[in-house]
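Visitor: Could you take me on a close look at a single part of this protein? I would love to see how one helix sits among its neighbours.

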Amino acid sequence: MSASPIYTVAAIRKLESSAGAARLMERAGKAAAEYARGLCGDTAKSVLVVAGPGNNGGDALEVATHLKRWFFRVTVVFAGDREKLSGDAGAALAKWEAAGGTLLDAIPSGARFDLAVDGLFGIGLKRPLEGRYAALVEQLNALRVPVLALDIPSGIDADTGAVMGRAVRAARTITFIAYKPGQLTLDGPDHCGELRVDALGLDPPALLEPEGALLDADILAAAIAPRPRNFHKGMAGSVGILGGAAGMVGAAVIAGRAALRCGAGRVYLGMLASRAPRVDAVNPELMARAPLALLERGLLDVLVAGPGMGKSEASARALRAALAAPVPLVLDADALNLIGGSRALSAAAAKRAAPTIMTPHPAEAARLLGKTTGRVQADRVTAARSIAERYGAFALLKGNGSVIAEPGRRFWINPSGNPGMASAGMGDALAGIVAALCAQGAPPLHALLAGAWLHGAAADALAASGSGPVGITASEVIDSARALMNA
């Protein structure tokens with residue numbers, strides 16, 4: 001599975017060390033300056049450059065020097081101490097002054113700019129912005145001009161995506177060498193805007209094995225293949241859905257419809273509600289079974305447990321039986337809550353021999369880990385990795401930039417999807433989509449990666465067509481996912 005590499009800050013530092021930081025600052029400045037020139041167009045315009053006290057400020061000064069040489073009107077605000085600059089950043093400052101540039105202490109009041117360049121702080125920042133730095137961030141955000149951030153918007157934690165006190169809201173970000181996790185999850189995407197990578201002439205995977213990867217459309221091709229004409233439903237696998245307690249039957253139905261419409265050959269519903277409907281009027285192809293009958297050996301290729309399951313003792317008994325099933329198991333919703341609240345169920349989940357997939361949202365992840373939701377969100381990559389390690393599972397932590405992890409520390413971040421997916425039934429649809437891909441022959445990890453991307457891409461297609469993001473439903477996402485698969 002080829003995908004764009006992601007490195008944590010510590011790994012980026014190793015790459016910088018092996019490549020030589022001085023030349024990298026020059027390359028970064030040139031790459032960002034060329035990008036800025038392209039954004040401004042052919043006519044030389046007025047550009048504000050805010051340079052901070054570290055190497056990100058050195059990048060900014062390199063940008064300023066190039067733009068000035070290209071006849072842009074460049075104003076540089078320097079928020080550092082020239083005596084404390086690193087050698088490379090000091091050299092960048094000397095170039096700026098040799099080109100006739102001057103330094104200001106503050107953004108001029110009333111001045112107008114066509115573009116602002118944020119080089120205040122880069123990926124090394126680990127403390128909340130305060131005082132003068134916080135004020136500069138507020139001023140940048142209030143300028144009402146496009147902001148180009150260098151490497152990462154000032155104030156965003158490059159490893160987690162958390163806002164450290166205040167953060168620049170950039171229209172675009174050019175990042176260097178490779179993606180960082182914090183640009184792609186939590187608050188990072190909202191602050192980075194359009195994100196562009198310049199590897200600065202390096203081949204990062206050849207220098208250091210990536211810790212993570214960014215999913216793209218190619219993952220879908222790795223999970224599914226065109227069907228031959230000589231094909232029957234048994235070749236598309238059988239999926240079972242265990243859930244649908246009283247008052248929550250719809251969750252299991254949504255998961256079943258998703259599995260059916262995304263290609264599973266047979267889909268069985270094992271409803272826990274005593275008066276659950278025996279037939280789905282929309283998709284009568286869905287077959288009803290008693291919950292325990294669903295677990296008969298040989299009936300299923302993949303089992304989903306959790307949609308609308310509830311947390312009763314009867315639900316816990318059904319989940320206990322599901323955990324013993326010798327087939328790939330997708331655990332979602334109340335199945336995760338039950339596991340998080342029971343040592344016995346937690347141990348049973350961790351001891352499974354067959355593959356396990358877990359798809360928690362942040363609150364469910366917190367229960368699985370015995371932490372607060374805030375701590376999970378504070379470091380989403382670590383949380384996903386911890387679930388994968390603790391339960392021996394392929395884990396998907398939902399949210400802005402969903403994080404997928406496997407035991408062994410590798411992780412992926414999914415960039416597809418939009419805020420319209422914050423509605424009822426979306427998780428049920430995802431569980432059904434992942435199960436369908438797995439039933440059709442995709443290895444469980446591939447099914448999870450492809451399902452995550454497809455689920456978000458389906459919602460993006462709806463938004464692009466004018467049907468979202470506001471008001472998107474899970475049922476619409478299912479049909480949109482089917483269309484993308486067939487395309």
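Guide: Happy to! One term before we start: a residue is called buried when its relative accessible area is under 20%. Keep in mind that this is a predicted model.

Our helix is α10, which spans residues 313-323. Its buried residues are Ser315, Ala316, Ala318, Leu319, Ala322 and Leu323. Around the axis they cover an arc of only 165 degrees, which means that they lie on the same side of α10. A general rule helps here: an α-helix has 3.6 residues a turn, so residues three or four places apart point the same way.

What do the buried residues of α10 pack against? Their partners are three strands, β9 (238-243), β12 (302-305) and β13 (329-331), together with the helices α11 (334-340) and α12 (343-350).

Now follow those strands outward. β13, β12 and β9 come one after another in an open sheet of 11 strands, whose order is β1-β8-β17-β16-β15-β14-β13-β12-β9-β10-β11, with mixed pairing. At the edges are β1 (4-6) and β11 (287-289), each of which pairs on one side only. From one strand to the next, the twist averages 20 degrees.

Another helix, α17 (residues 444-464), also packs on this sheet, where it touches β14 (356-358), β15 (394-397), β16 (402-405) and β17. The direction of α17 makes about 15 degrees with that of β15.

For one pairing in detail, look at β8 (residues 212-214) and β17 (residues 411-414): they pair in the parallel sense over three bridges. There, Leu214 has Ile413 in β17 as its bridge partner.

Methods: Residues numbered from 1 in each chain as written. Predicted model: local features only at pLDDT ≥ 70, side-chain atom pairs only at ≥ 80, totals over all residues. Heavy atoms only, no water. Buried < 20%, exposed > 50% of the residue type's maximum accessible area, 1.4 Å probe, protein only. Helix = DSSP H or I, 4+ residues; strand = E, 2+ residues; numbered from the N terminus. Arc of directions from axis to C-beta. Contact = heavy atoms within 4.5 Å. Pairing = 2+ DSSP bridges. Axes fitted to C-alpha atoms, helices over the stretch in contact; angles between N-to-C directions.
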